[in-house]
Amino acid sequence: MKVSLARILVVDDDEVMRTFVVNSLRRIGIQAIEIAADGASALRTMISFRPDLVLTDIHMQPMNGIEFVQQLRKHANPLVKNMKVIFMSADASTETLEQALPLGTYGYLVKPPRPEILQTKLEQALK
């Protein structure tokens, strides 16, 4: 899939970071973008938006990114269950990585993501 045609859901509780990521996505040519402030609202948004990929923060309340992806992986709908996900977090600790990486994601970006690295990760995930 051509990256510029992708539908991306950005999940982050920090409004400044959401805006930064959305602007970075637009700079690399992506226009179909939705946002959510936490995992619970992201689950609701996924039903109507049907993203090709989700970029999600890890540390959020009330449902964090780990719990959100766990819910995706348990979902009855195979399109939701197999959703492509890239984690974003300022936390690159071993403990967090050990929780995040086994969930079948397409990578982990340290926030704030540099646009060229973001584009590379998206291209790899959307092949």
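Here a colleague asks about a predicted model and the modeller answers.

Colleague: Let's start with the helices: at roughly what angle do the axes of α1 and α6 cross, and is that parallel or perpendicular?
Modeller: Helix α1 covers residues 15-27 and helix α6 covers residues 115-125, and their axes come within 10 Å. They cross at roughly 70 degrees. Angles of 65 to 115 degrees count as roughly perpendicular, so α1 is roughly perpendicular to α6.

Colleague: Which residues of α6 do S24, L25 and R27 in α1 meet?
Modeller: By class, this contact of α1 with α6 has four nonpolar, one polar and one charged residues. On the α6 side, the residues that meet S24, L25 and R27 are P115, L118 and L122.

Colleague: T19 and T56 are both threonines, so let me take them in turn. Is T56 buried or exposed?
Modeller: T56 has its place in strand β3, residues 53-57. Leaving aside neighbours within four places in sequence, its contacts include V11, F68, V85 and M88. Its relative accessibility is 0%, and under 20% means buried, so T56 is buried.

Colleague: And what is the relative accessible area of T19?
Modeller: T19 is found in helix α1. It counts as partly exposed, a class that lies between 20% and 50%. The relative accessible area of T19 is 42%.

Colleague: How far apart in space are T19 and G107?
Modeller: In sequence, T19 and G107 are 88 residues apart. In space, going C-alpha to C-alpha, the distance is 21 Å.

Colleague: Over which ring does the charged end of R7 sit?
Modeller: A charge has to be within 6 Å of the ring centre to sit over a ring. The charged end of R7 is 4.3 Å from the centre of its ring. That ring belongs to F49.

Colleague: How many aromatic pairs does a search of the whole structure find?
Modeller: Ring centres must lie within 6.5 Å to pair. With the whole structure searched, the number of aromatic pairs is zero.

Colleague: Now the backbone: where is P62, and is the peptide bond from Q61 to P62 cis or trans?
Modeller: P62 is found in the loop between β3 and α3. Omega for the bond from Q61 is near 0 degrees, and the bond is cis.

Colleague: What is omega for the peptide bond from K111 to P112?
Modeller: P112 lies in the loop between β5 and α6. The bond from K111 to P112 is cis, with omega near -5 degrees.

Colleague: What is the phi of R50 near?
Modeller: R50 lies in the loop between α2 and β3 and is exposed, with a relative accessible area of 63%. Its phi is positive although R50 is a residue other than glycine, and the value is near 55 degrees.

How values were computed:
Residues numbered from 1 in each chain as written. Predicted model: local features only at pLDDT ≥ 70, side-chain atom pairs only at ≥ 80, totals over all residues. Heavy atoms only, no water. Phe/Tyr/Trp six-rings, centres within 6.5 Å; stacked < 30°, edge-to-face > 60°. Lys NZ or Arg CZ within 6 Å of the ring centre and 35° of its normal. Axes fitted to C-alpha atoms, helices over the stretch in contact; angles between N-to-C directions. Helix = DSSP H or I, 4+ residues; strand = E, 2+ residues; numbered from the N terminus. Parallel < 35°, antiparallel > 145°, perpendicular 65-115°, else oblique. Contact = heavy atoms within 4.5 Å. Nonpolar A, V, L, I, M, F, W, Y, C, P; charged D, E, K, R; others polar. Buried < 20%, exposed > 50% of the residue type's maximum accessible area, 1.4 Å probe, protein only.
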